[in-house]
Amino acid sequence: MSRNAKINTLLLLLVAALAVIPLALGLGDGKEEPFTGADAQAEAAITELKPDYEPWFAPLYEPPSGEVESALFALQAALGAGVLAYYFGVRKGRRQGAAQALARAAAGAPEAAGAPEAGRTGPARES
């Protein structure tokens, strides 16, 4: 197994452990909503400390239910992951293309240097 494969496997196991350990240890037991988001926890803390607090801004869109809010969050995460995957794929493709071009140039391939193909007959191609 290569070094990168070992690192990737270790990272995957770490992410799985981060997801499973809180559930296995029962860290959310005894709470009404054990795994609420940070926004909900902050709102609860603010209303507990200062009940007459009024927010400075109102949300632009208030989802009709928690399920719709979760779906929109999942869609946002999926779009972000897609953009990152596209970026890293393009970057890797460019790196591989540059490496192939260098390998062709080092091998002395005429196409890499821009020279016409050896033994080619017919009219010259215009670029």
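Of the 127 residues in the protein, 2% are buried, where buried denotes under 20% relative accessible area, exposed over 50% and partly exposed the range in between, with a 1.4 Å probe and protein chains only. The structure is a predicted model, in which local features need pLDDT of at least 70 and side-chain atom pairs count only at pLDDT 80 or more, while totals for chains, interfaces and linings use all residues. Residues are numbered from 1 along each chain as its sequence is written, and side-chain values use heavy atoms, with hydrogens and water left out.

The secondary structure consists of 4 helices and 0 strands, arranged along the sequence in the pattern α-α-α-α; helices (H or I, at least four residues) and strands (E, at least two) are DSSP runs, numbered from the N terminus. The accessible surface amounts to about 11,800 Å², with 63% belonging to carbon and sulfur atoms, as computed by the Shrake-Rupley method with a 1.4 Å probe.

Two surface patches are described here by their residues. Patches consist of residues with over 30% relative accessible area and no salt bridge (a side-chain nitrogen of Lys or Arg within 4 Å of a carboxyl oxygen of Asp or Glu), like charges being joined within 9 Å and nonpolar side chains within 5 Å. A patch of negative charge gathers Asp-39, Glu-43, Glu-62 and Glu-69; Asp-39 lies in helix α2 (residues 38-49) and counts as exposed because its relative accessibility is 67%. A nonpolar patch of about 610 Å² is formed by Leu-60, Tyr-61, Leu-72, Leu-75 and Leu-79, of which Leu-75 belongs to helix α3 (residues 66-107) and, at 48% relative accessibility, is partly exposed.

Across the whole structure, 1 aromatic pair is found. The ring centres of Tyr-87 and Phe-88 are 5.2 Å apart and the planes stand at 65 degrees, so the pair is edge-to-face; rings of Phe, Tyr and Trp (its six-membered ring) pair if their centres lie within 6.5 Å, with planes under 30 degrees apart counted as stacked, over 60 as edge-to-face and the rest as tilted. Tyr-87 is partly exposed at 45% relative accessibility, and Phe-88 is likewise partly exposed at 46%.

How values were computed
Lys, Arg positive; Asp, Glu negative; His and termini not counted. Charge placed at Lys NZ, Arg CZ, Asp CG, Glu CD.
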